[in-house]
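Here are a few exercises to work through with the model open beside you. Try each task before you read its solution.

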Amino acid sequence: MKKLLSVAGAALLTVLAAVFAFGQPAHAAAGFSVAGGKLYDANGTEFVMRGVNHAHTWYPQQTSSFANIKALGANTVRVVLASGDRWTKNSAADVANVISLCKANRLICVLEVHDTTGYGEQSGAITLDRAVDYWLSIASALQGQEKYVIVNIGNEPYGNQGYGTWATDTGNAIKRLRAGGLTHTIMVDAPNWGQDWSFTMRDNAGSVFAADPQKNTVFSIHMYGVFDTAAEITDYLGRFRTAGLPIVVGEFGFNHSDGNPDEDTILAYSQANGIGYLGWSWSGNGGGVEYLDMVTNFDPNHITSWGQRIFNGANGIKATAREASVFAGTSPSPTTSPTTSPSPTTSPTTGPTPPPAGCTASYTIVNSWQGGFQGEVKVTAGAAAITGWTTKWTFANGQTVSQSWNATVSGSGSAYTARNVDYNGRLGAGASTSFGFIGSWNGSNAVPAVTCTAS
């Protein structure tokens, strides 16, 4: 994830129909394989990714995140790695440990090199060819893990400049990986900061797929502000389905600095059409997009509004994820990871005393800009479980709410009421949920008092 993506009105071209000729994989894969536009695990069972991105390279100490992500229902985690060109290199030993954490928690590991992000526009970004050098340098950690690992060559490998060579460069990178002995399913990202507004990946996907001697490549589109309408989402994904080409939504959010993606359509269309999705991201975001954290400070007990939406909402991870069949018959996930990380279900040894029966609510301004802001309200059940909640507040400075998520929000003048939606009304004693909204302000933006009533 990174950077803003221009929306360009390019003429729509038809994806190469010749892709249908690539129906079955060219060999009996030892791990994942692609056929008919779908991804299959090593047992030949269709696998649909339902998971999140985790910024391991910037937070290598957060090894408990793998268990925590699994505990919330995911079947896949896309792991950020670095080649050493822009960020500290993840060694073969470190990557081997990441893979062991994925396997211990029965998660499929999508490994990606982030140093390619925005090449041609972002200072310091590296080429896909340089990313291949990294993969080959850590091949010892990857070989033999084809059942559990997918290699995502490079994150968002071009910005909004110089992306015309994406197809050639991507095809050559795939060939080098194959020549170097890697037989894993390969994932390739789109240019234009991953969002392919120029349709470069869409219109050249057939030739890139054909360049893979093993016909075992999956395409990844990142959906942020460019994909802010249902029509754009369904048209883009639908063209890959029609062409028989495998596509996943490798990153997406519920909001972004470049626009407001339609996450409901992304989730619903992906579920209806067997398309994988990986939300951005578990925790640790900065640079003004902290609202994309799914949990606060890597704490699974503090799920944000975005986290609630993607894990617990309609067409979300909890309701739709199916564990890869290669884990069938394996022992349950350990309560501690190989690096003795805490169990995701372990309660804090200390913490605030639960409020009295009923519920309480707290209001936070998550982000603010001239004339607008993002707010979040956290609802916490008291000493007893509740089945629903209603919060109320009154703005003192003329603020207004224009959109919301994870709650039904209504307003009358300066007074606002927010009620739970179907998936976040039931809270155990002391448990919390949150909802968010975008609002406008002028002059001042005081934080109002919020009341909470439980049912």
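**Exercise 1. A small network of charges**

Start with the salt bridge between Asp 133 and Arg 130, then work out which residues belong to the network around this pair.

*Solution.* A quick word on ground rules: this is a predicted model, where local features need pLDDT of at least 70, side-chain atom pairs count only at pLDDT 80 or more, and totals for chains, interfaces and linings use all residues. Residues are numbered from 1 along each chain as its sequence is written, and side-chain values use heavy atoms, with hydrogens and water left out.

Step 1. Apply the criterion: a salt bridge is a side-chain nitrogen of Lys or Arg within 4 Å of a carboxyl oxygen of Asp or Glu. Asp 133 and Arg 130 pass with an N to O distance of 3.7 Å.

Step 2. Place the pair. Helices here are DSSP runs of H or I with at least four residues, strands are E runs of at least two, and both are numbered from the N terminus. Asp 133 and Arg 130 sit 3 residues apart in helix H3 (residues 128-137), so about one helical turn separates them.

Step 3. Look for another partner. Arg 176 also bridges to Asp 133, with the closest N and O atoms 2.9 Å apart. That pair links distant parts of the chain, since Arg 176 belongs to helix H5 (residues 166-179) and Asp 133 to helix H3, 43 residues apart.

Step 4. Follow the shared partners: Asp 85, Asp 129, Arg 130, Asp 133 and Arg 176 are joined into one network.

Step 5. Check accessibility, where buried means under 20% relative accessible area, exposed over 50%, and partly exposed in between (1.4 Å probe, protein chains only). Asp 133 at 31% is partly exposed, Arg 130 at 32% is partly exposed, and Arg 176 at 29% is partly exposed too.

**Exercise 2. A bridge between strands**

Find the salt bridge partner of Arg 78 and decide whether each of the two residues is buried or exposed.

*Solution.* Step 1. The structure holds 14 salt bridges. In one of them, Arg 78 pairs with Asp 189, the closest N and O atoms being 3.2 Å apart.

Step 2. Arg 78 lies in strand S4 (residues 76-81) and Asp 189 in strand S7 (residues 186-189), so the bridge ties together parts 111 residues apart in sequence.

Step 3. Arg 78 has 0% relative accessibility and counts as buried. Asp 189, at 2%, is buried as well.

**Exercise 3. Sorting the disulfides**

Count the disulfides, then give the handedness of each link.

*Solution.* Step 1. Take pairs of cysteine sulfur atoms within 2.5 Å, and you get 2 disulfides.

Step 2. Cys 102 and Cys 109 have their sulfurs 2.2 Å apart. With 55 degrees about the S-S bond, this link is right-handed, and both Cys 102 and Cys 109 are buried.

Step 3. For Cys 359 and Cys 452, the sulfurs are 2.0 Å apart. Here the angle about the S-S bond is -100 degrees, a left-handed link. Cys 359 is in strand S13 (residues 359-369) and Cys 452 in strand S20 (residues 450-454), so this pair ties together parts 93 residues apart in sequence. Cys 359 and Cys 452 are both buried.

Step 4. Count the bonded cysteines along the chain, and the pattern reads 1-2, 3-4.

**Exercise 4. An enclosed helix**

How many residues of helix H9 (residues 305-312) are buried?

*Solution.* The count is 7 of the 8, so H9 is largely enclosed by the rest of the structure. Among the buried ones are Trp 306, Arg 309 and Phe 311.
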